[in-house]
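Me: Please take a close look at one part of this model, the charged side chains and their salt bridges. Keep it brisk, and set that part in the context of the rest.

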Amino acid sequence: MAPDQIVNGVNIDQLFNAIDLFKEKPDLALFKFRATNKWLGGTHSRATVKDFYGPGQEDTSREARSFDLDEPPVLLGNNEGLNPVEYLLIALSGCITTALVAHASAKKITLRGVESRFEGDIDLRGFLGISPDVPVGYQEIRIYFKIDADLSDEEKEELIRAGEKYSPVTNTIKNLTPLSVHLDKG
């Protein structure tokens, strides 16, 4: 049996096997990710991620990981963690990079390096309720990539577009995914 083909650290045999499986059995492509959060005082809270559902079963194979969230002192916090909008940029950076690398790997494009920079603009007058005309979230997010590979600028742009197109986090933000918030009475 031939060894699995690895490109950029991605097992592309597994990638294509998963694609074929999800085409054959679409219900196995349905995943449910979860996080919990506990307020610790002031603007400090701790989010925890452990289990998820997919493909077709609960997955409890990994250890729980916790992430502290807080604000800088100028926003009434104590710098005991990153602020939530920074975590959004982190999630976006990881997701779009993963999608970009996976698509490059599937095309057998060797990457020597991928770096990115994410910037977002927020006007706190919305969050603080000072102006109803100011959005409460990011008003714009800008992403810049550097790709080290034997590719033309046009080919690098194509990889960036694939990363953007197939990133679930990017699409969650761009497509305004429905969100509901409830009191947990249990």
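Reply: What follows starts with the whole chain, turns to the charged side chains and ends with the aromatic rings.

This is a predicted model, in which local features need pLDDT of at least 70, side-chain atom pairs count only at pLDDT 80 or more, and totals for chains, interfaces and linings use all residues. Residues are numbered from 1 along each chain as its sequence is written, and side-chain values use heavy atoms, with hydrogens and water left out.

First, the frame. The protein chain has five helices and ten strands. Both are DSSP runs, numbered from the N terminus: helices are H or I with at least four residues, strands are E with at least two. Along the principal axes, the C-alpha atoms fill a box of roughly 60 × 45 × 30 Å. Of the 186 residues in the protein chain, 23% are buried. Buried means under 20% relative accessible area, exposed means over 50%, and partly exposed lies in between (1.4 Å probe, protein chains only).

Now the charges. The structure holds 13 salt bridges. Each is a side-chain nitrogen of Lys or Arg within 4 Å of a carboxyl oxygen of Asp or Glu.

One of them pairs Asp 51 with Arg 34, with the closest N and O atoms 3.6 Å apart. This pair links distant parts of the chain, 17 residues apart. Asp 51 sits in the loop between β5 (44-49) and β6 (52-53), and Arg 34 in the loop between β3 (32-33) and β4 (36-41). Asp 51 has 26% relative accessibility, so Asp 51 counts as partly exposed. Arg 34 is partly exposed too, with a relative accessible area of 32%.

Helix α4 holds another. The side chains of Arg 161 and Glu 157 meet at 3.3 Å, N to O. Both residues lie in helix α4, four residues apart, about one turn of the helix. Arg 161 is partly exposed at 44% relative accessibility. Glu 157 is partly exposed at 41%.

Elsewhere, salt bridges that share partners join Arg 117, Glu 119, Asp 121, Glu 140 and Arg 142 into one network. Within it, Arg 142 bridges to Glu 140, the closest N and O atoms being 3.5 Å apart. Glu 140 is partly exposed, with a relative accessible area of 43%.

Helix α4 (residues 153-166) is also the place of Asp 153. Asp 153 is exposed, at 56% relative accessibility. Asp 153, Glu 154, Glu 155 and Glu 158 gather in a surface patch of negative charge. Patch members have over 30% relative accessible area and no salt bridge, and like charges are joined within 9 Å. Asp and Glu count as negative, Lys and Arg as positive; His and the chain ends are not counted.

Last, the rings. The count comes to five aromatic pairs. Rings of Phe, Tyr and Trp (its six-membered ring) pair if their centres lie within 6.5 Å; planes under 30 degrees apart count as stacked, over 60 as edge-to-face and the rest as tilted. Phe 118 and Phe 145 are an edge-to-face pair, 6.3 Å centre to centre with 75° between the planes. Phe 118 is in strand β9 (residues 113-121) and Phe 145 in strand β10 (residues 140-148), so the pair ties together parts 27 residues apart in sequence. Phe 118 is buried, with a relative accessible area of 16%. Phe 145 is buried, also with 16%. Ring pairs also link Phe 31, Phe 33 and Phe 52 into a cluster.

Technical notes:
Patches are made of residues with over 30% relative accessible area and no salt bridge: like charges are joined within 9 Å, nonpolar side chains (Val, Leu, Ile, Met, Phe, Trp, Tyr) within 5 Å. Accessible areas come from the Shrake-Rupley method with a 1.4 Å probe; for residues, only the protein chains shown count as cover. The place of a charge is taken as NZ of Lys, CZ of Arg, CG of Asp or CD of Glu.
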